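Trainee: I have a protein structure open and would like a close look at a single part of it. Could you walk me through one spot slowly?

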Amino acid sequence: MLSASHRLHSDSLTPEENRAAYGKCNNPHGHGHNYTIEVLVGGEVKQATGMVINLADLDETVRALVIDRFDHTNLNLDPLFASVVPTTENLCSIVFGLLKENLRAGKLASVRVEETENNFFQCFDAPSIAGAIAA
């Protein structure tokens with residue numbers, strides 16, 4: 001889990017278009033979420049260990065690349081969001097990319113980022129493909 005703030009705002013939209021697109025999430029002061037990050041790794045189960053990936057190694061990788069970077073930050077200020085709106089869809093895609101490039105074992109199958117109890121976003125094998133579920 002990580003806590004971060006953001007403001008949904010696109011410089012390519014007018015103030016009116018930003019308000020229409022993002023509603024209260026366009027608040028100039030931003031707002032925050034307690035995001036839950038789920039990582040699914042696939043691959044062959046190693047006979048010697050009975051594991052696809054050592055969970056301690058996976059936890060360390062997620063902590064080092066994602067939690068330490070984004071926890072208690074303003075996503076708008078992170079260089080990875082310099083040219084994209086810090087929506088949860090984009091956060092999910094960025095997290096997917098960071099992990100896919102840096103996993104030493106297993107194959108990253110998906111990343112799921114839960115923004116609230118009512119919605120989450122999930123990226124699969126291609127970080128530019130995002131899916132969303134809202135309750």
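Trainee: Is F81 buried or exposed, and what is its relative accessible area?

Mentor: Happy to take this one step by step. Please keep in mind that we are looking at a predicted model. F81 has a relative accessible area of 3%. Buried means under 20%, so F81 counts as buried.

Now look for the ring that pairs with F81. The chain has one aromatic pair by the rule used here. Its partners are F70 and F81, with ring centres 6.2 Å apart and planes at 65 degrees. Edge-to-face needs an angle over 60 degrees, so this pair earns that name. F70 is buried too, and its relative accessible area is 1%.

Next, see where the two rings come from. F70 belongs to helix α2, while F81 sits in the loop between β3 (73-74) and α3. The pair therefore ties together parts that are eleven residues apart in sequence.

Let's step over to L91, which also meets these two rings. Leaving aside residues up to four places away in sequence, L91 touches F70 and F81, along with Y35, L75 and V113.

From here we can widen the view to the largest nonpolar core, which has 27 residues. F70 and L91 are among the members that touch the most other members, and so are L2, Y35, V66, V95 and V111. Several elements each supply at least two residues of this core: β1 (2-6), β2 (31-42), α2 (55-70), α3 (88-102), β4 (107-116) and β5 (119-123). Helix α3 gives the largest share, seven residues. As general background, nonpolar side chains in soluble globular proteins tend to be buried together.

Finally, let's place this spot in the whole chain. There are three helices and six strands, and along the sequence they follow the pattern β-α-β-α-β-α-β-β-β. Of the 135 residues in the chain, 36% are buried, and you have now met F70 and F81 as two buried examples. The C-alpha trace spans about 60 × 25 × 25 Å along its principal axes. Among contacts in the chain with a separation of 6 or more, 57% are between residues 24 or more positions apart. Turning to the outside, the accessible surface comes to about 7,900 Å², and carbon and sulfur atoms hold 54% of that.

If you go back to the display, start at F81, find the ring of F70 that pairs with it, and then move on to L91, which touches both.

Conventions:
Residues numbered from 1 in each chain as written. Predicted model: local features only at pLDDT ≥ 70, side-chain atom pairs only at ≥ 80, totals over all residues. Heavy atoms only, no water. Helix = DSSP H or I, 4+ residues; strand = E, 2+ residues; numbered from the N terminus. Buried < 20%, exposed > 50% of the residue type's maximum accessible area, 1.4 Å probe, protein only. Contact = heavy atoms within 4.5 Å. Areas by Shrake-Rupley, 256 points an atom, 1.4 Å probe, with all protein chains shown as cover. Core = buried A, V, L, I, M, F, W, Y, C linked by side-chain atoms within 4.5 Å. Phe/Tyr/Trp six-rings, centres within 6.5 Å; stacked < 30°, edge-to-face > 60°.
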